[in-house]
Each structure stands twice: as structure tokens, then as C-alpha cells.
Amino acid sequence: MSWLPKSPKARRRLWVVAAVTPVLALAVGLSLYAMRDSVTFFFSPSEATADKAPAGRVVRLGGLVEAGSVARGADGEVAFAVTDNVATTRVVYQGDLPDLFREGQGVVAQGAFLPDRSFRATQVLAKHDENYMPREVADRLKAKGEWRPEGEAPRS
Amino acid sequence: MIVELGAFALVLALVLSALQTAMAVAGRMRRSPVLAGAAEGAAIAAALAVAVAFGVLILAFAVSDFSVANVAANSHTDKPMLYKVAAAWGSHEGSLVLWCLVLTVFGAVLARARNLSFGLKISAVGTQGMLGVLFLAFAVFTSNPFERLNPAPFQGASLNPLLQDPALAFHPPMLYAGYVGFSVCFSLAVAALIEGRANASFWPAWGRWVRPWALASWSLLTVGITMGAFWAYYELGWGGWWFWDPVENASFMPWLAGAALLHSAVVTERRGALAGWTTFLALLAFTFSMLGAFLVRSGVLTSVHAFAVDPERGMMLLAVLGVTAGAAFALFAWRSPQLRGGGQFAPVSREGALVLNNLFLTAACATVLLGTLYPLILEAASGATISVGPPYFALTFVPLMAVAFLILPAGPLLAWKRGDLKGVGQRLAVAAGLAILVALAGWMAFEPRKALSAAGIGLGGWLVLGSLAEVAERIRLFRTGPAESLRRARSLPLGSWGTVLAHAGLGVFVLGAVVETGYRVEAARTVAVGETVTAGRYSVRLDGVRIVEGPNYLSERGDLTVSLRDGGAARVVTAERRFFPAGGQTTTEVGLDFRGLDDVYVVLGERGQTAAGAPAWSVRVWWNPWARLIFLGPFIMAFGGVLSLLDRRLRLGLGKRKAAT
């Protein structure tokens, strides 16, 4: 193969480039492709408008669990309201809530909006930390001037 | 009084580490063995001082001395002794002392090392001392675990009940030993950058020192991560074992970098090649360890496992990370062009295969890093808050690893310098054929039929069979008499067995992960006593629920009978919901029925009512096929690592020093 460089060093470099390029291309290509489709945006109820979070698209919804809104249906279905004290979204969830789920506390639900703008959660997230306030929720509340220290009941 | 002793010992350790660094630098400048010896003595003394501090902290927890703020915040008199002791490393302050303990003890072991050249050793000891100064200063000035409370409370706030679990009591020490073990690789790399020469004998000798540390750290990290995953699996009650959560990724990145390091160190040791790259990985592995500590504690990323979160101190950790990694990589950029290790090699050879391994591992590590940090980058750039979840990693990390796994079994069969690809193909032909059969069997055996999962099963089988093919090749199985094969198996070095076990363990893990992910069945129902929930082949009947009083909790304990739907042995499992009055928290205790390789995973949920008004409980059942292999595989891998380590001990006479770790 006459087109290969003559010196062994240059040949080795060529081999390295030949090995590195496809792997890196694969990694970069896959990353870009995955980033487009499989990242999940986070919204608070007032931000989750129909154009930002269309029905059926997987997003995370975070806010406070409205006091007195938790209703348990038959077969483990739970409904509760998530609020950022500006807007409120009704969330339906089939399954066990995390042990740290409480009314008046912060919560993050992953799922998708239904056409009627209620939210069907596939996952309700909790942390090990007893002072559970997801950072996004805290940031949003602070931005809206609705922040208050942990544990106090929200104004309702 | 004894608490003040602990606080004093911690400050003393800081001073000793500073002395260690200063004397190492002076000793290196003057080439003085006396000063070098003093630096080594200081390293050992620093380790002893931190050990005293840590012992005092454990004692304060054991006797529930609530005049210590950290004990009051994390312990409770009602807690069982194991968790009182474990609470010592369950908080930010305590875990930092554990981190410093591991760092200084490893520094002391390094200081005791014989037959390491003078310059290399003194520079490494000095670097390790510098790391000790940084982390001990961080502990003493920002996170002193011995701060007193006045007046002392009567009762403590208790450790988060989720953390009161045997797996979690031992998970942090293992994890930290692994994380911080890479600090020695880091110090050796910095020392090599200072002392290194473009010398044919320098790099193999250096590789011989880095490799055992990389192996030991990686093995410990493997066990630590697996214990953490197992804990998340049965304590959180979510039915899963890996969530691609930022905190999990934080521990996974040093693991990947460490795996790359221990492979590239082999090339450096045997062939003197890849010197710069191995140095880079050694720096990278500990940088990822520190990045992990920062991500976990700073709370910059939302995680389900967030632990001891404190943004301010997290930022200081970022400063420590920036200083350490920045200085080290600057040194690397400056010095590495002058450090050609040499060692030409052909692309088709053992070293070529190891380079390919490194390429895939680092590319995979980069995708994990990108997925973990992307939310931070995007938030800083555009203000949008996103999370990157399992689908991203399934699309990036998994395919890269799958390609790497396809090539993996060929690596150990290739000869150094010049490999024979055709010969390797012939030797692996049987394994490849069997792996295809395994994939077909997997496709037939599981319902519903999934082509991708079947391919994954074939891949797992390929890893196991390909590794066994290597043994078969080495001992000339079926090609000579069984006696001769046995003799060859006995004389096969432990390191080869280590490689085979580590790779086969990876295959075992892949089998478990693929089958569990592809075919798990989940079911949930609200049931009254006597009713059943069915999941796949199993049905679970709620036999009764009673109230049980534990040492520091009240519990609703459900007895459930797990049986195969088409008859077969029924077994009783208990699943609990525990209420801890001390913290006002509820935790879930999963009921696990081990069925061969499968798990039947039962979670007792909240109490509700049936339509008729009778009491009922929401019961969630997972049938996790082959879940046992997920946790077995990594232990086999770590065992392989330990075997390789033992092999090296025989050759290097590392026995005493290794036992000390």
C-alpha cells in the first residue's frame, strides 16, 4: 500500500487516528442525537404552557403539593395538585408516593400533560434528604417571591 | 475532654501534613535522605493523628455525646449500635474525616514503600502531603466534626432512617477507599511528571507502581458502587438499581477512568509505551473522584441521592478541585511532551487492543460526563432547566459499551507486539458460535420476545464464554490430556485468572442487567387481607398486617406469600413500612423473595380502604428476572481485581504493605 506514510511513527499515528475517529464520531453523534430527544425539561405549573410543554411530551413538573389536595382513588391511583402559587396543575399518579411526599412540601413529578392540561405522572421523585426541596422548585419560588423557609405551610 | 483530643488530633494531622509537604520539598531539593525520611515519618504520624480523630468521633457517636453538634444532628440514643457507629460517616463532617483518614493512611503506606526510586518516592509523598493539607484544612476550617453545642440537647435528631441499613453502613468506607485510592495514582503521576525521564526503564518501573494502586482502588470502588446500587434497590423500594442519577454518575466516572487507567498501566508497565496517556488517566481518575465529592455535596445538580448538601462548602470543594486538578494538568501540559516513553507497536497486538479499550472507556466516560453536566451548562447558558435521564444514557453509553464488549474477548488472546488476528478468530470461533446460541435461547426463553434484549443476552454470553475461551486456550483444554490441562491451570499466574474473572464478571453483570431491564414485570393493586397481586409468573397474597415495635421505629409489617402461578413452592416474605418518630419519617422495607436468579420484590404501600370499607394496602410487586446477576457480576469483577493484586504481591514483595491497607 504505497499511499501509507513510510515512517513507522507516522504509520502508527495514522492507525491511532483511524481508530480514534470512528469511536469519537460515534460518541459525539450519539450524544447529539440523544440530547435532542431524551432530555427532560423542567417547568413549574405557571411556566408549563401548552406551547412549551405540549400534551404527550415527557417533562418534569415541580412545585409545592397544595395542602388538602391529595386524593387517593381505588387501585393505588393518587391525585394531587402541584402549585407555584401562581398556577396550579392537577397531577394523577398511579403508584406509591415516595416516603417523603407531604402536603405543603416540594415535589417533582415526571410525566406528560394530557390534552385537558392535567398531568399524568409516571414518576414522583424524592430525595433521601429530610429537608426535601428540589433546587429547581426552590429557585422558581424564589424568583416569584414565593419562597419561604422549609417546613412552613404555604399560604393558600 | 476526649472530644477536644479528637479536635486537636485533626489539627495536628493538618500540621503534620504541611510538615510532610515542606520536608519532602526540601528533601527533594537538597537530595537529602534524612529530610526525606522525616517527610515519610510525618506522613505516618499524620495518618495516626487522623485515625485518633476518627476513633474519637466514633466514640462520641457510640456513647451518644450530644454536646458534640455533629452527634446531636445525626444520632439518637434509640439507634442500634451499628448505626450509631455508621452515623460517624453519615454526615458531611464525619465523611470528610473518613476521606482524610483514607488519604493519609494511603499516604503512610506510600511512605513505607521500598524499592521506589528516591526522587519518585519523595515527590509522591510530598504531593500526597499537599492533598492531605488541602482536605484536612477543609475539614478543620469549614467542617469541624468536633464542634460543641452549649447547652447539650438531651436527644439527638437521629440519622436519616433510610441510611440505617447494613449495606449503607459499609458502602461509604468502601467507596471512599476506592475514590481516595486514586489519590496515590494521582501523586505518583505528579511525581512522574516532576521526575520523569524519556528513559526506557523509567516508565515500566513507574507502571509497576501505579498498577496495584489502580487495581486496588478500582476493586474497592466496584464493591462500593455495587453496595450502593444494592442499597438503592432494596431500600428505596422503587424496583430499580441504577437511575443514571448525577450522584450515581459521579461515582461511575472515576470507576470508568480507573478501569481505563488499570488497562493502560499494563501497557506502560510491559512496553514502556503510553506513558503520557497513563499519567493523564491517573490524574483524571482522582479528578473525577473530587468532582464526584463536589457534585454530591454541593447540590448543584438535583439528585435523588443528594447527601450532606451544603452549597457554600460545596463551592469550597470546587476550589480545592480547581486548584488540585488545575495545577496537575498544567504540570502535565508542560512536562508531558518531554516524556516520550517510546515503545512502537503494531495496531493488531495486545497493546493495540488495550488502546482500543481505553478509547471506548474514555469516550463512554465523556458521554456520562456530558450527560451529568449538561443541565448545568444549559442552565448557565440559556436558563432552561432540564434533566438528562436514562434515555440519554441508553442511547450513548450503552451502544459504545456494546461495541467495546464485542471486541473485548479478543484482547487478552492477542500477543504483545504483534498479534495474529486470524488465529484469535479461530480460537474464539467456538465461543462466538455458542454466544449466538445463547442469544437465540434468550430470544426463545423470555416473553415477550425482544430482539435487542436477546442480542444483549448474546453479548453477555459472549463476554463470559470469550473469557473462558481464554482459559481454555491457556490450559490447552481438550488438546492435551486432562492431567496436563490441570497442571497448566495450576501454573497459570493469578493475574491471568484475575483478568478472566473480571471480564467474565462483566459478562455476568451484562446478562443480569439486560434481562432485568428487558423483561421485568411490575404490578400494583390495593388489596385487602387474603387478596393477591400477580406479576408475570408469580402471584403474591397478602396474609396479614401487624404493628411491630422496632428499636427506634414503629412498623406496619405485612406477611405475604409468594407463589408460582402454576403451582410450586410458596414462600413467605415480609414487607414493612417503618415510621421513625425521631425524624418523623417513613421508610419502606422491601420484601425480597430470592427465586434462583430472579427476585420477587414486594413493597407494602399505604393503608387504604376497599370499596366495601375494609382496610386494604397498596401492594406493588416486581418480578425482576436474573436480578441476582446484576449484583453478583461486579463482585466477581472485584474479586478478579483482588486476584491480580495478589499476583503482583508475590512478584513485588508487597505483602506487608498491602495488608496494611
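**Figure 1. Helices α9 and α12 of chain B, side by side.** In this predicted model, helix α9 (residues 246-271) of chain B packs against α12(B) at an angle of about 160°, and their axes are 9 Å apart. Angles over 145 degrees count as roughly antiparallel, and α9(B) and α12(B) are therefore roughly antiparallel to each other. The crossing of α9(B) past α12(B) is left-handed. Sorted by class, the contact between the two holds 15 nonpolar, seven polar and two charged residues. A residue worth finding here is B:L256, which touches B:L361, B:A364, B:C365 and B:V368 once residues up to four places away in sequence are set aside.

**Figure 2. Where the two chains meet: α1(A) and α12(B).** Here helix α12 of chain B turns up again, now with a partner from chain A. Helix α1 (residues 8-37) of chain A and helix α12 (residues 350-382) of chain B pack with their axes 10 Å apart, at an angle of about 20°. Because that angle is under 35 degrees, α1(A) is roughly parallel to α12(B). The crossing of α1(A) past α12(B) is right-handed. From α1(A), the contact draws on A:A19, A:V20, A:V23, A:L24, A:A27, A:S31 and A:M35. From α12(B), the residues are B:L356, B:L359, B:F360, B:A363, B:A366, B:T367, B:L370 and B:Y374. How many nonpolar, polar and charged residues does this contact have? There are 13 nonpolar and two polar residues, and no charged ones.

**Figure 3. Chain A from end to end.** Chain A is built from two helices and seven strands. Follow the sequence and you will read the pattern α-β-β-β-β-β-β-β-α. Of the 156 residues in chain A, 34% are buried. Among contacts in chain A with a separation of 6 or more, 53% are between residues 24 or more positions apart.

**Figure 4. Two nonpolar cores.** The largest nonpolar core counts 196 residues, and B:C185, B:L188 and B:L256 touch the most other members. Which helix gives the most to this core? Helix α8 (residues 202-235) of chain B does, with 18 residues. A second core, separate from the largest, has 24 residues, including A:F43, A:A48, A:V82 and A:A121.

**Figure 5. B:R208 in helix α8.** B:R208 sits in helix α8 of chain B. Is B:R208 buried or partly exposed? It has 18 other C-beta atoms within 10 Å, and so counts as partly exposed, since burial takes 20 or more. For a sense of distance, B:R208 and B:F360 lie 24 Å apart in space, C-alpha to C-alpha, and 152 residues apart in sequence.

**Figure 6. B:G458 in helix α15.** This view centres on a glycine, B:G458, in helix α15 (residues 451-474) of chain B. With 25 other C-beta atoms within 10 Å, B:G458 is buried. Leaving aside neighbours within four places in sequence, the contacts of B:G458 are B:A435, B:I436, B:V438, B:A439 and B:G442. B:A275, in contrast, is 36 Å from B:G458, C-alpha to C-alpha, with their positions 183 residues apart in sequence.

**Figure 7. Two cis peptide bonds before proline.** Have a look at the loop between α6 (118-142) and α7 (166-195) of chain B, where B:P151 lies. The peptide bond from B:N150 to B:P151 is cis, and omega is near 0°. B:P448 belongs to the loop between α14 (421-445) and α15 of chain B. A cis peptide bond joins B:E447 to B:P448, with omega about -10°.

**Figure 8. Positive phi values at B:L274 and B:K417.** B:L274 is found in the loop between α9 and α10 (275-298) of chain B. Phi of B:L274 is near 55°, a positive value in a residue other than glycine. B:L274 is buried, having 25 other C-beta atoms within 10 Å. B:K417 is in the loop between α13 (390-407) and α14 of chain B. Phi of B:K417 is near 65°, again positive in a residue other than glycine. B:K417 has 15 C-beta neighbours inside 10 Å and therefore counts as partly exposed.

How values were computed
Residues numbered from 1 in each chain as written. Chains lettered and ligands numbered in written order. Predicted model: local features only at pLDDT ≥ 70, side-chain atom pairs only at ≥ 80, totals over all residues. Helix = DSSP H or I, 4+ residues; strand = E, 2+ residues; numbered from the N terminus. Buried ≥ 20, exposed ≤ 12 C-beta atoms within 10 Å, placed from the backbone. Contact = placed C-beta atoms within 7 Å. Axes fitted to C-alpha atoms, helices over the stretch in contact; angles between N-to-C directions. Parallel < 35°, antiparallel > 145°, perpendicular 65-115°, else oblique. Left-handed = near helix turned anticlockwise from the far one by under 90°. Nonpolar A, V, L, I, M, F, W, Y, C, P; charged D, E, K, R; others polar. Core = buried A, V, L, I, M, F, W, Y, C linked by C-beta atoms within 7 Å.
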